[in-house]
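Trainee: I would like a close look at one part of this structure. Please take one residue and build the picture outward from there.

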Amino acid sequence: PGQPVPLASVREPFVVTAGRPVTLLFRQHGLTITANATPLQPGSAGDTISVRNLESGVTVRAVVLADGTVSAGGAP
């Protein structure tokens, strides 16, 4: 009490949680590819995080979308 809250301590709420499966999207030229993935870190909408494709095991960087999906490449 009585102490200022550092600006670095204030953030948007997490939309995805590390370890909880999400849908990974790739959209380009009218084509949408989806896959199941596991976030390796939590993220808020607009954050870029690492996720692991559950089928291939490949780790990619993806942008967290407000609906809880993540988008890797293409248009979100």
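Is asparagine 53 buried or exposed, and what is the relative accessible area of asparagine 53?

Mentor: A word on the source before the answer: this is a predicted model. Asparagine 53 has a relative accessible area of 17%. The limit for calling a residue buried is under 20%, so asparagine 53 counts as buried.

Next comes the place of this residue in the chain. Asparagine 53 belongs to strand E3, which covers residues 48-53. If residues up to four places away in sequence are left out, asparagine 53 touches Ala35, Asn36, Ala37 and Val58. Strand E2 is made of residues 31-39, so the contacts Ala35, Asn36 and Ala37 can be looked up there in the display.

Now take the strands that pair with E3. On one side of the pairing list is E4, residues 59-64, which pairs with E3 in the antiparallel sense over five bridges. Within this pair, isoleucine 49 stands opposite alanine 62 of E4. E3 and E4 form a hairpin, and five residues lie between the two strands. Glycine 57 sits in that turn and has a positive phi of about 80 degrees.

E3 also has bridges to E2: three of them join the two strands, which run antiparallel. Here threonine 38 is set opposite arginine 52 of E3.

E2 leads on to E1, residues 22-28. E1 and E2 pair over seven bridges, again in the antiparallel sense. Leucine 24 stands opposite alanine 35 in E2, and Ala35 is one of the residues that asparagine 53 touches. The hairpin of E1 and E2 has two residues between the strands. Histidine 29 lies in the loop between them and takes a positive phi near 50 degrees. Most residues other than glycine have a negative phi. Histidine 29 is a residue other than glycine with a positive value. In contrast to the buried asparagine 53, histidine 29 is exposed, with a relative accessible area of 78%.

Past E4, the chain enters the loop between E4 and strand E5, residues 70-74, and leucine 65 has its place in this loop. Leucine 65 is buried, with a relative accessible area of 17%. The C-alpha atoms of leucine 65 and proline 42 are separated by 12 Å, and the two residues are 23 residues apart along the chain.

At the other end of the sequence, valine 5 is found in the segment before E1. Valine 5 is exposed, with a relative accessible area of 61%. Together with Leu7 and Val10, Val5 forms a nonpolar patch on the surface, with about 350 Å² of accessible area in total.

Last, set this part in the whole chain. The protein chain has zero helices and five strands, in the order β-β-β-β-β along the sequence. The radius of gyration is 15 Å, well over the 11 Å that the globule rule gives for 76 residues, so the chain is more spread out than a compact globule. Along the principal axes, the C-alpha atoms fill a box of roughly 55 × 25 × 15 Å. Of the 76 residues, 28% count as buried, and asparagine 53 is buried as well. The chain exposes about 5,100 Å², of which carbon and sulfur atoms supply 56%.

Terms used:
Residues are numbered from 1 along each chain as its sequence is written. This is a predicted model: local features need pLDDT of at least 70, side-chain atom pairs count only at pLDDT 80 or more; totals for chains, interfaces and linings use all residues. Side-chain values use heavy atoms; hydrogens and water are left out. Patches are made of residues with over 30% relative accessible area and no salt bridge: like charges are joined within 9 Å, nonpolar side chains (Val, Leu, Ile, Met, Phe, Trp, Tyr) within 5 Å. Accessible areas come from the Shrake-Rupley method with a 1.4 Å probe; for residues, only the protein chains shown count as cover. A salt bridge is a side-chain nitrogen of Lys or Arg within 4 Å of a carboxyl oxygen of Asp or Glu. Helices (H or I, at least four residues) and strands (E, at least two) are DSSP runs, numbered from the N terminus. Buried means under 20% relative accessible area, exposed over 50%, partly exposed in between (1.4 Å probe, protein chains only). The radius of gyration is taken over C-alpha atoms; the globule rule is 2.2 Å times the number of residues to the power 0.38. Two strands pair if DSSP finds at least two bridges between them. Contact means heavy atoms within 4.5 Å.
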